[in-house]
Structure formats: structure tokens, C-alpha cells
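Reader: I should like to learn how the features of a protein model are read. May we look at one together, beginning with its pockets?

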Amino acid sequence: MTRIRAAIVGTGFMARTHLEAVRRVGSVDIAMLVGRRADRARALAEEFGVERTETDYTALLKASDIQTVHICTPNAQHFPMASAALNAGKHVLCEKPLATTSADAAALVTLAGARSLQNATCYNLRAYPMVQQMRRMREAGVLGDILIAQGTYSQDWLLYDTDTNWRVDARQGGALRVVGDIGTHWCDMVEHITGLRIASLCADITTFHPRRNGAPVETEDFGSLMFQLGDRARGSLTVSQVSAGRKNQLRVEIYGTNASVSWDQERPDELWIGHRDAPNQLLKKDPSLLLPDAAAYADYPGGHAEGYNDTFKQIFRRFYLSIRDPQGSHDYPRFADGLRQMRILDAVLVSHRTRGWVDVAND
């Protein structure tokens with residue numbers, strides 16, 4: 001099998017995560033690492049055995065041997081880098097959010113289609129085995145008709161006004177921080193599980209720390225949404241980066257007319273299944289106990305945990321399979337899914353500013 005040569009742009013936490021995951025895919029080589037700081041790029045490249053580093057992104061665009069680009073930079077750089085890579089004929093896997101505006105996200109969807117290039121937005125959290133089990137249970141009719149979706153995505157890493165990060169700066173991260181950074185993960189997951197779209201919403205966002213380390217802050221620390229899901233279902237979501245003790249709690253609960261399911265990312269190998277007229281269940285991750293299409297996301301036998309880093313591997317595996325077989329059916333989040341989440345963010349901003357319900361635009 002001919003090996004695919006890829007490049008990663010960025011040298012931070014997410015770039016390292018992509019490097020580790022790509023190595024686990026097989027038949028893909030990271031041949032170039034691009035970083036703003038030469039010293040950090042060289043150090044990371046040496047650690048992972050990457051043969052070439054660059055500080056100039058245009059060098060990547062000119063490299064004829066590089067087929068695929070992973071973009072792991074601050075949000076404001078996603079659109080210019082992704083569009084340049086597509087125009088250079090390269091497949092693109094971009095970290096979320098796909099862009100900082102829906103107009104830019106839509107332009108990327110159009111460009112990737114016009115160039116017939118494979119593309120992915122890294123909503124990796126949908127690739128947990130138990131998330132896929134919820135999806136497949138819904139598809140099999142086990143849950144019945146969906147009535148309610150609710151949950152939270154709560155973290156505490158920005159609890160203090162001395163905590164800061166580039167995401168706090170709207171110029172780098174976009175107009176919405178908490179809803180955009182982690183809220184869209186939850187929304188993507190709920191739409192993926194239920195097969196329904198958030199049709200309209202009412203949102204409120206709050207900035208508890210108007211200054212961090214003395215600098216003014218425009219982005220939110222907390223958000224809450226009520227929403228209509230499809231024609232009938234209803235739901236609610238809270239997102240926070242100031243919830244003490246919650247390190248990374250994404251909790252999703254789906255209630256149907258036949259049964260319910262609940263999952264917490266901090267306990268990823270457990271799925272609660274609720275019943276009205278029978279004992280509730282706690283399903284532990286075991287490929288032999290999962291529905292077949294969900295078991296395909298579990299590489300290890302029961303009792304062997306699969307977590308956050310494994311979700312990247314699952315998404316990347318399917319992305320690279322689509323490069324080898326463009327006509328095949330490969331299930332992973334694409335640029336269109338990134339655009340979808342930007343449409344939801346647009347509605348959140350309008351709803352918050354107008355203090356009312358807003359329809360979510362469809363493409």
C-alpha cells in the first residue's frame with residue numbers, strides 16, 4: 001500500500017494530539033511540521049521523527065509530496081490556511097471550529113467540493129464507541145421517537161480571572177468562546193445521535209470576568225440554550241468554563257418514547273439505558289455487546305478503556321480511507337458539519353442580542 005504523506009500545522013496541544021493519532025492510523029507518514037516558532041517545531045519534530053520543519057506555511061503549499069494537511073492552529077487561521085491548502089490541491093483535516101464566520105465556512109465547503117478534495121472538521125467526540133452505540137440504538141428504533149435532549153459541557157480551567165488563553169481573545173478565537181469551543185461539540189453530538197437538527201433556539205451568554213490579568217474580555221464564560229430539535233423534540237444545554245471541579249464533563253441525555261440513554265465523557269466506557277417498565281441498565285463498553293456499527297469504533301476488548309485520544313484515531317482512519325477510496329461510504333464529520341455548527345453559532349449570537357427565539361439557517 002502506498003503511504004500517504006501528510007503535514008501538521010501547529011505545535012501546541014492539538015498538534016501533538018494529531019501527531020500521536022496519525023501514527024496509530026498506519027500507512028500515513030507525517031512528513032512535515034509547520035510552526036511559527038522554529039525551536040518548538042524542531043523539538044516536536046525530533047520527538048516524533050518528522051523529517052522536515054518549516055516556519056513559513058507557503059513552503060507546505062509548494063511541497064508536491066504532501067497530500068494532506070492537518071490544521072491545528074488558533075481559530076482565526078483556519079480559513080486562510082484551509083483555503084490555501086485546497087487551492088494547492090491538498091486534502092484538509094481542520095480542527096474545529098472550521099472558521100470564525102459562517103460565510104468563510106461556506107466558502108470552504110464550496111471550494112472543497114469544486115476541487116473534489118476530501119475534507120474533515122474534527123468533531124472527534126462523536127467517535128466514542130458509546131456515542132456510536134446511542135446513535136445505532138436510535139437508528140434501530142430502540143429509543144422510539146426522540147422527545148428530549150439535554151445536558152451540559154462543563155470545565156473549570158478558566159474559573160479565575162488570572163486564567164487566560166488565546167481562546168479568550170475574540171480576534172483569535174472568534175466571537176463566541178465557550179459555545180464555540182465546546183458547545184458546538186455537544187450540538188454536533190446531539191444532532192449526530194438523534195438524526196435531528198436544531199431548528200430554533202433561545203440563548204443567553206454571560207461573561208463573569210470582564211477582565212483577565214487586567215486585559216478586557218469580550219467572549220463569554222457561560223452559555224445556556226433552549227432549543228427545538230426537529231419538528232417535535234425539545235432540549236436544553238449549558239456550557240461553562242468556570243465550573244469548579246468539572247474538568248471536562250460532556251454529559252448528554254436523550255429521552256425517547258421507548259427508552260432513554262445517558263453518557264458522560266468523564267466515564268466514557270459506560271452507557272446508562274433507562275426504561276419505564278423494566279430495570280434500568282448500565283452497559284459497559286465491550287465490542288461483543290455493542291451493535292455492529294458501533295462496535296466498529298471499539299478496537300479493544302471489554303475491560304480495556306478507550307478514551308479521548310482514540311476518538312481522533314477513529315476519525316483519522318476514516319478520513320484517510322476516503323482519500324484511498326473516494327467513492328466509498330466513510331462516516332466522519334466533514335466541512336459541511338463544520339458549517340452546520342457555524343450556523344448554530346450565528347443563531348446563538350442573534351438570540352442573545354435580541355433576547356428571543358431564532359431559527360437556525362439551513363444550507
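Reader: Which helix gives the most to the lining of the second largest pocket?

Author: Rolling a probe the size of a water molecule over the atoms shows where empty space is left. In this predicted model, α11 gives the most to the lining of the second largest pocket, namely four residues. Both α8 and α11 (335–354) supply at least two lining residues each. The pocket holds about 200 Å³ of space.

Reader: Which residues line the second largest pocket, and how do they divide by class?

Author: The lining consists of R126, D188, E191, H192, G195, L196, R197, A336, D337, R340 and Q341. By class, six of the lining residues are charged, three are polar and two are nonpolar.

Reader: What is the volume of the largest pocket, and which residues are closest to its centre?

Author: The volume of the largest pocket is about 950 Å³. Its lining has 37 residues, of which F13, M14, C72, W166 and R167 are the closest to the centre. Two or more lining residues come from each of α1 (13–25), α4 (78–87) and α8. Helix α8 gives the most, with three residues. The lining of the largest pocket divides into 16 polar, 14 nonpolar and seven charged residues.

Reader: How many cavities of 30 Å³ or more does a search of the whole structure find?

Author: The search finds one such cavity, with about 60 Å³ of space in it. N75, P97, W166, R167, G173, L176, R177, G180 and D181 form its lining. The lining divides into three nonpolar, three polar and three charged residues.

Reader: P97 is in the lining of that cavity. What kind of peptide bond joins K96 and P97?

Author: Most residues other than glycine have a negative phi, and most peptide bonds are trans. The bond between K96 and P97 is cis, with an omega of about -10°. P97 belongs to the loop between β5 (91–94) and α5 (102–115).

Reader: Which residues have a positive phi although they are not glycine?

Author: Two examples are S27, with a phi of about 60°, and N213, with a phi of about 50°. S27 lies in the loop between α1 and β2 (28–34), whereas N213 lies in the loop between β9 (211–212) and β10 (215–216).

Reader: Why is S27 classed as buried or exposed, and why N213?

Author: S27 has a relative accessible area of 18%, so it is buried, the limit being under 20%. N213 counts as exposed because its relative accessibility is 52%, and the limit there is over 50%.

Reader: How is the contact between α6 and α8 described?

Author: Two packed helices are described by the angle between their axes and the distance between the axes. Here the axes of α6 (residues 129–139) and α8 (residues 178–194) cross at roughly 35° and come within 7 Å. From α6, the residues V131, Q132, M134, R135 and R138 meet M189, H192, I193 and T194 of α8. This contact has four nonpolar, three polar and two charged residues.

Reader: Which residues touch the most other members of the largest nonpolar core?

Author: In soluble globular proteins, nonpolar side chains tend to be buried together. The largest nonpolar core has 76 residues, and L60, L201, V252, W263, L271 and V348 touch the most other members. Beyond its neighbours within four places in sequence, V348 is in contact with L176, V179, L201, A203, I205 and L225. A second, separate core has 29 residues, among them V22, V25, V28 and C72.

Notes
Residues are numbered from 1 along each chain as its sequence is written. This is a predicted model: local features need pLDDT of at least 70, side-chain atom pairs count only at pLDDT 80 or more; totals for chains, interfaces and linings use all residues. Side-chain values use heavy atoms; hydrogens and water are left out. On a 1 Å grid over the protein atoms alone, a cavity is a set of points where a 1.4 Å probe fits but cannot get out, and a pocket is an open set with protein on both sides within 12 Å along at least five of seven lines; lining residues have an atom within 4 Å of a point. Grid points are joined across faces, edges and corners, and a volume is the space filled by probe spheres set on the points. Ala, Val, Leu, Ile, Met, Phe, Trp, Tyr, Cys and Pro count as nonpolar, Asp, Glu, Lys and Arg as charged, and the others, Gly among them, as polar. A nonpolar core is a set of buried Ala, Val, Leu, Ile, Met, Phe, Trp, Tyr and Cys residues joined through side-chain atoms within 4.5 Å. Buried means under 20% relative accessible area, exposed over 50%, partly exposed in between (1.4 Å probe, protein chains only). Contact means heavy atoms within 4.5 Å. Axes are lines fitted to C-alpha atoms, for helices over the stretch in contact, and angles run from 0 to 180 degrees between N-to-C directions.
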